2 protein chains.
Amino acid sequence: MQSESMDKREKLLQTALELFVKQGFNDTPTSKIAKEAGIATGTLFYFFPTKDELIISLYLKLKGQATESINVALPEVKSTKEVIKTYYEQSLKWSLRNPNEFSFLAQFSNSPYLKKIGADEISAQIAPVLRHFRLAIEEQQVVDIDVNLLYALISNQVFGVNQFLSANKFTKKEQHNIIQDTFFMFWKMIER
Amino acid sequence: MQSESMDKREKLLQTALELFVKQGFNDTPTSKIAKEAGIATGTLFYFFPTKDELIISLYLKLKGQATESINVALPEVKSTKEVIKTYYEQSLKWSLRNPNEFSFLAQFSNSPYLKKIGADEISAQIAPVLRHFRLAIEEQQVVDIDVNLLYALISNQVFGVNQFLSANKFTKKEQHNIIQDTFFMFWKMIER
DNA sequence: GCGTCGACTGACTAAACAGTCACTTAAATT
DNA sequence: AATTTAAGTGACTGTTTAGTCAGTCGACGC
């Protein structure tokens with residue numbers, strides 16, 4: 001039956017995502033998640049021992065999905081500039097394709113829940129990207145700044161542009177142009 | 001006694017800030033806030049009819065403080081570039097001087113609580129800054145982009161640099177240099 | 001056709017919660 | 001001196017919450 005029936009664990013995570021984004025962690029009791037998902041509360045705690053672990057599982061799953069989706073498009077063959085451009089575009093496109101997921105990640109990352117995750121667990125995920133950035137700096141293609149600062153700059157520019165694009169209604173074409181233009185600006189900022 | 005005894009309303013907001021930043025909205029009951037502040041729970045609800053209103057009051061107070069502290073340093077006489085630079089520096093310095101306040105604002109802004117505030121209330125607060133940015137664009141000192149996009153870019157770069165500076169231990173001098181350098185980069189990005 | 005095992009259930013409970021209310025206190029007003 | 005008013009109290013309550021538990025159910029080997 002695995003192929004036909006919805007995996008209940010997944011269904012719970014999916015429902016939790018929607019409710020957390022809409023109502024916040026505070027105002028979404030586990031009972032509501034289970035009810036909305038059409039699953040017994042006992043089942044929720046069968047899969048996730050506590051509400052905190054449900055929230056953290058959801059974060060790790062979504063963070064993993066985003067990272068994977070972005071990294072898949074980063075083949076080694078491209079030039080350094082192309083790698084950074086691809087990272088920028090893919091991050092932005094993922095965030096626009098998955099607004100709920102992105103919103104949840106932002107909410108989680110800016111809450112005290114973030115501290116409940118091991119720092120290594122985070123740095124492990126961004127390590128491959130940092131390697132690319134480090135390379136770009138060593139090749140002297142890019143200004144000589146701390147690689148973590150570079151990472152913070154690009155991430156937060158992606159966040160800002162997402163904010164702007166989400167707050168307005170643009171056509172696909174307009175969106176594409178804004179992404180291109182803002183990357184051009186970003187590159188101007190960091191190129192040596 | 002007003003000058004000697006701590007204003008209880010203020011004391012409650014102050015205590016709430018610390019607990020919200022440390023534990024999140026979820027895990028900070030009103031009873032804990034009152035107890036920690038050494039004030040009866042009834043008094044909390046005397047000043048703030050609901051927990052939500054306490055949270056929103058705190059947000060509005062802090063957002064106002066930040067805005068005021070930044071705007072005070074924006075005299076009209078300066079050149080356009082100086083105005084943007086001052087805005088950048090002041091934002092960053094306020095965030096570094098007030099880490100708890102900044103953390104709370106980030107947590108609030110990325111949570112569903114934000115939607116409980118009128119959009120006008122927010123746009124009213126950033127209006128003066130946007131006027132400056134609009135002027136800079138009209139003067140052709142800066143690339144011709146939507147002023148809201150410019151605002152998003154500068155805000156999020158401030159956020160990113162704050163993240164980087166907070167995550168590391170720098171001397172005042174190093175901090176100052178990083179602020180200068182990143183503004184220089186930012187200006188390179190947006191100058192025409 | 002018996003036993004076990006993992007997925008799943010939902011009524012239940014103990015604790016915690018936001019918010020109430022009858023009351024006190026102290027200062028200002030009349 | 002009497003009265004009103006506003007600030008402040010904390011025990012209390014009805015509700016909600018996260019989490020439990022005794023047990024159902026079908027599958028699958030034996």
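Start at DNA strand D, which has 15 residues around it (near here is a heavy atom within 4 Å); the closest are A:Thr30, A:Lys51, B:Thr43, B:Tyr46 and B:Phe47. Of the strand D atoms that come within 4 Å of the protein, 69% belong to sugar and phosphate. Keep in mind that this is a predicted model: local features need pLDDT of at least 70, side-chain atom pairs count only at pLDDT 80 or more, and totals for chains, interfaces and linings use all residues. Residues are numbered from 1 along each chain as its sequence is written, chains are lettered from A and ligands numbered from 1 in the order written, and side-chain values use heavy atoms, leaving out hydrogens and water.

Now for the phosphates. Polar backbone atoms of A:Thr30 and A:Lys51 each sit 2.7 Å from a phosphate oxygen of strand D. On the other chain, a backbone N or O atom of B:Ala40 is 3.3 Å from a phosphate oxygen of strand D. α3(B) gives the most to this surface, with 5 residues.

Next, the two chains. Here 39 residues of chain B touch 39 of chain A (contact means heavy atoms within 4.5 Å). Together they bury about 2800 Å², with 61% from carbon and sulfur atoms; that is accessible area (1.4 Å probe) lost on putting the two parts together, summed over both. B:Asn110, B:Met185 and B:Met189 supply 22% of the area chain B buries against chain A, more than any other three residues. The rule finds 0 salt bridges across this interface (side-chain nitrogen of Lys or Arg within 4 Å of a carboxyl oxygen of Asp or Glu).

Technical notes
Polar contact = N/O pair within 3.5 Å; in protein donor to acceptor, adjacent residues only side chain to side chain. Helix = DSSP H or I, 4+ residues; strand = E, 2+ residues; numbered from the N terminus.
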